[in-house]
Amino acid sequence: MARSIKTNTDSKVANKTASEICTSCGRPSRRQFCGASLKGKTKIQWTGRTWNPVVGCSKCSKGCEHCYAMWQAFRCEAMGISQYQGLTVIQGGTPKWTGVVRLVEHKLEEPIHWRKPQMIFVNSMSDLFHEHLSDADIIRVAEVMHRANWHVFQVLTKRSERMRDLLNSKLQFCARDPHIWWGVSVENRKSGLPRIENLRSADVAVRFLSIEPLLECLGALDLSGIHWVIVGGESGHGARPFDLQWARSIIGQCREQHVPCFVKQIGRRPVDGSIPIAHSDPKGGDPQEWPEDLRLREFPESTELAG
Ligand code: SF4
């Protein structure tokens, strides 16, 4: 990893109105979907770019309810992009995942050719540990990450049991690579807390939590063995409320347990207790519009140490 790795924490689009922002990548655009994220560009503030060697998914928990990738896959298919064909189907007037998950051969080796060190979010359009992807294909993706050790790879899953089992067996060759960060999504206690336990049971170098979209107070968290926490509220149509008190509880526990914390966004429907919070950025992603105690965007120390 290198000191010069770039992320997107300095978003310049936060003050644009909704109609000026691409619904897919967050970039200013006259169109609703500008297509920039298909080239790996992203405005996800905690990463530098996306890489999608696997596409397709299916919903597995409450955090998936308004899956952004599903809508994007639908748009990509409509644009005629080959790897997205057959991933979604229209049911009841909206797209639904079909459950087709595929490895995209022509994307697989991309990071090897990106010579500039970058922080890379792996599979924003899928879940690497989806049950319809073979162990052999997961290993091929991991081999590329293992080789491209000048980057930082951020792997995020909701299928934490399979991730744990593979990292402790067939993926041992890369599990302890410090440039590969393994993470789980946590949206509520029922689905999220067991995922944290599974992640902790994986013998890896770097573990992180993406607590987004946070749907309820998580209560007391054991953050031992966790190196980074991201927290955020839901954005987009139909977003569920995000109570700033839930985020404050997580920030406080990160402080107590010495874990860096990155507050990504307060979402479309933030409340403070029962009081709605006004903001102009549709995702609630502009820290200038947040209460001061929430303006926290830290990264794991290893981001700085690598070179
Ligand atoms: S795991 Fe992620 S990509 Fe898959 S359905 Fe859920 S939110 Fe969407």
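**Sheet, ligand shell and unusual backbone spots**

With 18 C-beta neighbours inside 10 Å, Arg 162 counts as partly exposed in this predicted model, because that count falls short of the 20 needed for a buried residue and is above the limit of 12 for an exposed one. Arg 162 sits in helix H5, which covers residues 160-167. Its C-alpha atom is 9.8 Å from that of Leu 128, although the two residues are 34 apart along the chain.

Now for the sheet. Seven strands make up an open sheet with parallel pairing, and reading across gives the order E1-E6-E7-E8-E9-E10-E12. E1 (49-51) and E12 take the edges with a single partner strand each, so one side of each has no neighbour in the sheet. From one strand to the next, the twist averages 25°. Helix H7 (residues 189-200) packs on this sheet and touches E8 and E9, and its direction makes about 155° with that of E8.

Strand E7 deserves a paragraph of its own. All 6 of the 6 residues in E7 (residues 152-157) are buried, so the strand is largely enclosed by the rest of the structure. As a general point, side chains in a regular strand alternate between the two faces of the sheet. For E7, one side carries Val 152, Gln 154 and Leu 156, the other carries Phe 153, Val 155 and Thr 157, and both faces are covered.

The pairing of E7 can be followed on either partner. E6 and E7 run parallel and are joined by 4 bridges, with Met 119 standing opposite Val 152 of E7. E7 also runs parallel to E8 (residues 180-185), this time with 5 bridges. Across that pairing, Gln 154 has Trp 181 as its bridge partner in E8, while Val 155 stands opposite Trp 182. Helix H4 comes into the picture too: E6, H4 and E7 make a right-handed β-α-β unit.

The loop between strand E6 (119-122) and helix H4 (135-147) holds Asn 123. This residue has a positive phi of about 65° despite not being a glycine. Is Asn 123 buried or exposed? It counts as buried, because 23 C-beta neighbours lie inside 10 Å.

His 258 also has a positive phi, of about 60°, and it is not a glycine either. Its place is in the loop between helix H8 (244-256) and strand E12 (261-265). His 258 is exposed, with 7 other C-beta atoms within 10 Å.

One more backbone oddity is a cis peptide bond, which joins Glu 212 and Pro 213 with omega at about -5°. Pro 213 belongs to the loop between strand E9 (206-211) and strand E10 (228-232).

Last comes the ligand. Around it are Cys 57, Lys 59, Cys 60, Cys 64, Cys 67, Ala 69, Met 70, Ser 126, Asp 127 and Lys 158. Sorted by class, this shell has 6 nonpolar, 1 polar and 3 charged residues.

Notes. Residues are numbered from 1 along each chain as its sequence is written. This is a predicted model: local features need pLDDT of at least 70, side-chain atom pairs count only at pLDDT 80 or more; totals for chains, interfaces and linings use all residues. Helices (H or I, at least four residues) and strands (E, at least two) are DSSP runs, numbered from the N terminus. Two strands pair if DSSP finds at least two bridges between them. A crossover is right-handed if, with the strands pointing away from the viewer, the path from the first strand over the helix to the second runs clockwise. A residue is near a molecule or strand if its C-beta atom, placed from the backbone, lies within 6 Å of it. Ala, Val, Leu, Ile, Met, Phe, Trp, Tyr, Cys and Pro count as nonpolar, Asp, Glu, Lys and Arg as charged, and the others, Gly among them, as polar. Axes are lines fitted to C-alpha atoms, for helices over the stretch in contact, and angles run from 0 to 180 degrees between N-to-C directions. Two residues are in contact if their C-beta atoms, placed from the backbone, lie within 7 Å.
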